[in-house]
Amino acid sequence: MSASSSSIHAVVADDFDAVNQLIIRECASQVPLVEKIAHHIIDSGGKRLRPLLVLLVSRALNCQGEKHLLLAALIEFMHTSTLLHDDVVDESSLRRGKPTANSQWSNQSCVLVGDFLYSRSFEMMVRIGSMEIMEILAKVTCVLAEGEVMQLTNVRNPKISEEQYMQVIHAKTAKLFEGATQAAALLSGASPEQQLAMRDYGKNLGMAFQLVDDLLDYEGDAATMGKNVGDDLAEGKPTLPLIYAMQQGTDEEAKLIRQAIRKGGLDQLDQVLGIVNKTGALDYTRDQAAACSEAAKRCLEVLPASKFKETLYLLTDLALGRKS
C-alpha cells in the first residue's frame with residue numbers, strides 16, 4: 001500500500017497528524033520503560049490503518065467535534081497492545097522488517113506494557129463519554145482475546161476446517177476493524193442502517209486484509225513483507241493456503257502438509273510451497289479476499305457522495321493488492 005497509501009492519508013491529513021500527536025501524548029508514563037517499549041512498537045512503521053478507518057468513516061458521515069480523534073487514537077492503542085502480546089506468544093523476532101520489542105526487552109515487560117496500552121485505551125474511551133461505544137469496544141476486546149486463544153489452540157493442528165479458520169481470522173483481526181468503523185458511525189450520529197453497514201464494511205475489509213496477509217506468507221519475501229517468509233508454517237499455523245492445498249492435493253501431498261504443520265519449522269517449506277502453488281491454493285485464497293473486498297464496497301452504498309467515501313472504496317482495492 002506504500003505509494004498509494006500516501007494519497008489516502010492525505011484526504012484526512014490534518015486529522016491524522018492530530019491523532020499521531022495524541023498517541024504520543026497518551027503514551028506518557030511515569031515509568032520510563034513503559035514509554036520506551038510503547039514508542040518502539042507505535043513508531044515501528046505501521047500504516048495506522050485502523051485509526052485511518054475511524055477518520056474516514058467519521059468524515060464521510062460529517063462527524064462534528066474532535067472526539068473522533070480520541071476514538072482513532074484509542075483504537076490504535078488497542079491494536080498495538082495486541083501486537084505486543086502476539087509477538088510474545090508467537091516468539092517473533094521481526095515485525096515490519098524491524099526487531100520486535102520482545103527481542104529487545106523481556107517477554108514479561110512487553111506483556112505488561114501491552115496491558116498498559118489496553119488500560120489506557122479504556123481510559124480514553126471513558127473520555128468519549130458514550131456507553132454504547134464502550135459496549136462495542138468492550139465486546140471487541142473479548143472477541144480479540146478469544147481469537148488469539150482459538151489460534152493458539154489450533155497451532156500444529158492440521159484438522160482445522162476452512163469454516164474454523166474463518167472464525168479465527170474474524171475474531172483476531174476483522175473484529176477490531178468492525179468495532180472501529182461501527183464506533184465511528186455511532187459517534188457521528190449515523191442512522192441505524194448506516195451503523196450496521198459501516199460495521200459490515202469494517203468486518204469485510206478486515207477479513208480481506210487477513211486473507212491477503214496469510215497469502216503473502218507463501219508468496220512474499222522478507223524484503224517486501226518485513227517478516228520472515230514461511231513464519232506461519234514455522235509456527236505450525238494452518239492458514240487457508242494450507243487448508244485448501246490439503247483439500248485439493250493428492251493423499252501423499254496432504255500427508256506431507258499435515259506433517260509439516262504438526263512438526264512446525266521450515267524443513268519442508270520448499271515442498272509445501274510446491275504443493276500450494278500446484279493446487280491453486282494462493283489463487284483460491286486471493287479469490288476469497290476479493291469476495292470480502294467486494295462485500296465491503298457494497299456496504300458503502302449507504303454513505304453520501306464525498307471524497308471520504310471514494311477513499312474508503314479505494315482502501316478495499318489497496319487491501320487486496322498490497323504486497324506487505
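## Briefing on helices, rings and loops

Glycine 189 lies in the loop between helix 9 and helix 10. The structure in which this glycine is seen is a predicted model, and the points below are grouped so that helices, aromatic rings, nonpolar cores and single loop residues can be followed in turn. The two helices that flank glycine 189 return in the section on rings, where phenylalanine 177 of helix 9 is paired with phenylalanine 209 of helix 10.

**Loop residues**

- Glycine 189 counts as exposed, because its relative accessibility of 63% is over the 50% cut-off.
- Although glycine 189 and serine 58 are 131 residues apart in sequence, their C-alpha atoms are 9.4 Å apart in space.
- Asparagine 62, which is found in the loop between helix 4 (49–60) and helix 5 (67–90), has a phi near 60°, a positive value in a residue other than glycine.
- With a relative accessibility of 56%, asparagine 62 counts as exposed.
- Arginine 156 lies in the loop between helix 8 (131–154) and helix 9, and its phi is near 65°, again a positive value in a residue other than glycine.
- The relative accessible area of arginine 156 is 42%, so this residue is partly exposed, a class that lies between the 20% and 50% cut-offs.

**Aromatic pairs and charges over a ring**

- A pair of aromatic rings is described by two quantities, the distance of the centres and the angle of the planes.
- When the whole structure is searched, two aromatic pairs are found.
- In the pair of phenylalanine 177 and phenylalanine 209, the ring centres are 5.6 Å apart and the planes stand at 45°, so the pair is tilted.
- Because phenylalanine 177 lies in helix 9 (residues 162–187) and phenylalanine 209 in helix 10, this pair ties together parts that are 32 residues apart in sequence.
- Phenylalanine 177 and phenylalanine 209 are both buried.
- The pair of tyrosine 244 and tyrosine 284 is stacked, with 4.0 Å from centre to centre and 10° between the planes.
- Tyrosine 244 belongs to helix 13 and tyrosine 284 to helix 16, so that this pair, whose members are 40 residues apart, links distant parts of the chain.
- Tyrosine 244 is buried, because its relative accessible area of 16% is under 20%.
- Phenylalanine 209 also has charged partners: the charged end of arginine 322 sits over its ring, 3.8 Å from the centre, and arginine 50 lies over its face at 5.8 Å from the ring centre.

**Helix 14**

- Helix 14 (residues 251–263) has 13 residues, which at 1.5 Å a residue should span 18 Å, and its end C-alpha atoms are indeed 18 Å apart, so expectation and model agree.
- The buried residues in helix 14 include Glu253, Ala254, Leu256, Ile257, Ala260 and Ile261.
- These buried residues cover an arc of only 160° around the axis, which means that they lie on the same side of helix 14.
- Asp251 and Glu252, by contrast, are exposed on the other side of helix 14.
- The elements against which the buried residues of helix 14 pack are helix 12 (231–234), helix 13 and helix 15.
- Glycine 264, just after helix 14, takes a positive phi of about 70°.

**Helix 16**

- For the 19 residues of helix 16 (residues 281–299), a span of 27 Å is expected at 1.5 Å a residue, and the end C-alpha atoms are 28 Å apart, which agrees.
- Among the buried residues of helix 16 are Ala281, Leu282, Ala289, Cys292, Ala296 and Cys299, together with Thr285 and Lys297.
- The elements that cover these buried residues include helix 10 (192–219), helix 13 (240–248), helix 15 (269–278) and helix 17 (307–321).

**Nonpolar cores**

- The largest nonpolar core has 67 residues, and those with the most contacts inside this core are Leu71 and Tyr201.
- Helix 5 gives the most to this core, with 11 residues.
- Leaving aside neighbours within four places in sequence, the residues in contact with tyrosine 201 include Ala296 and Cys299, both of which are buried residues of helix 16.
- A second, separate core has 18 residues and includes Leu233, Met246, Ala254 and Ile261, of which Ala254 and Ile261 are buried residues of helix 14.

**Histidine 9**

- Histidine 9 lies in helix 1 (residues 2–10) and is buried, with a relative accessible area of 17%.
- Apart from neighbours within four places in sequence, histidine 9 is in contact with Phe16, Lys47 and Leu52.

Conventions. Residues are numbered from 1 along each chain as its sequence is written. This is a predicted model: local features need pLDDT of at least 70, side-chain atom pairs count only at pLDDT 80 or more; totals for chains, interfaces and linings use all residues. Side-chain values use heavy atoms; hydrogens and water are left out. Helices (H or I, at least four residues) and strands (E, at least two) are DSSP runs, numbered from the N terminus. The expected span of a helix is 1.5 Å times one less than its number of residues. Buried means under 20% relative accessible area, exposed over 50%, partly exposed in between (1.4 Å probe, protein chains only). Contact means heavy atoms within 4.5 Å. Rings of Phe, Tyr and Trp (its six-membered ring) pair if their centres lie within 6.5 Å; planes under 30 degrees apart count as stacked, over 60 as edge-to-face and the rest as tilted. A charge sits over a ring if NZ of Lys or CZ of Arg is within 6 Å of the ring centre and within 35 degrees of the ring normal. The arc is that of the directions from the helix axis to the C-beta atoms. A nonpolar core is a set of buried Ala, Val, Leu, Ile, Met, Phe, Trp, Tyr and Cys residues joined through side-chain atoms within 4.5 Å.
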